[in-house]
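Reader: Could you take me on a close look at one part of this model, starting from the inside and then working out to the charged side chains? I'd like one connected walk rather than a list.

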Amino acid sequence: GVEGEAEALLRRTMHEQTQRFIHVVMGAPTRRAVKHDKRGLKTQLLCLRNLCADWELSTPDNERAKPKEPKNAAADDDYPLRSVAPSPTQLWLMRCTVRAL
């Protein structure tokens, strides 16, 4: 029914917004921290990425965190669209990690 469709849309939107935050918003600071070897920040950002990020083609590796050429910047959208929202625990850990930065 309508309630089921609304729930699926809400879960899909929550997943999309979480992934966009991790891949796009936090992607550039993560790559900068890796490039300039800011150890504490790099560790926290990679932990956040490993906790929350979904990947379309493969699992994350250190190559993804390295600075990108401008022509490869579109790889930030390398995440699947899903109708599964992040768990409350995952959202809580994400918020705590971001606040600690």
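**Around Ile22**

Author: Leaving aside residues up to four places away in sequence, Ile22 touches Gly27, Leu48, Arg49, Cys52, Ala53 and Met94. Bear in mind that this is a predicted model.

Several of those neighbours turn up again when you look at the nonpolar cores. The largest one has nine residues in all: Ile22, Met26, Ala33, Leu45, Leu48, Cys52, Ala53, Trp55 and Met94. Helix α3, residues 39–52, gives the most to this core, with three residues. So Ile22 counts as buried, being a member of a set that takes in buried residues.

Now slide along to the charged side chains. Helix α1 covers residues 2–25, and both Arg11 and Glu7 lie in it, four residues apart, which is about one turn of the helix. Their side chains meet in a salt bridge, at 3.8 Å from N to O. How covered up are the two partners? Arg11 comes out at 32% relative accessibility, so it counts as partly exposed. Glu7 has 46%, so it is partly exposed as well.

That pair is one of five salt bridges that a search of the whole structure finds. Two others share a residue, Asp37. The side chain of Asp37 meets that of Arg39 at 3.5 Å, N to O, and it also meets the side chain of Lys42 at 3.6 Å, again N to O. Put together, Asp37, Arg39 and Lys42 are linked in a network of salt bridges.

The members of that little network are not covered alike. Arg39 is exposed, because its relative accessible area is 63% and the cut-off for exposed is over 50%. Asp37, in the middle of the two pairings, counts as partly exposed at 36% relative accessibility. Lys42 is partly exposed too, with a relative accessible area of 26%.

One last stop, back to nonpolar side chains, but this time on the surface. Leu41, Val98 and Leu101 make a nonpolar surface patch of about 210 Å². Val98 lies in helix α5, which runs over residues 88–100, and at 30% relative accessibility it counts as partly exposed.

So that's the tour: Ile22 belongs to the largest nonpolar core, Arg11 and Glu7 pair up within helix α1, Asp37 is linked with Arg39 and Lys42, and Val98 helps make a nonpolar patch on the surface.

Note on methods:
Residues numbered from 1 in each chain as written. Predicted model: local features only at pLDDT ≥ 70, side-chain atom pairs only at ≥ 80, totals over all residues. Heavy atoms only, no water. Salt bridge = Lys/Arg side-chain N within 4 Å of Asp/Glu carboxyl O. Helix = DSSP H or I, 4+ residues; strand = E, 2+ residues; numbered from the N terminus. Buried < 20%, exposed > 50% of the residue type's maximum accessible area, 1.4 Å probe, protein only. Patch = residues over 30% accessible without salt bridge, like charges linked within 9 Å, V, L, I, M, F, W, Y side chains within 5 Å. Areas by Shrake-Rupley, 256 points an atom, 1.4 Å probe, with all protein chains shown as cover. Core = buried A, V, L, I, M, F, W, Y, C linked by side-chain atoms within 4.5 Å. Contact = heavy atoms within 4.5 Å.
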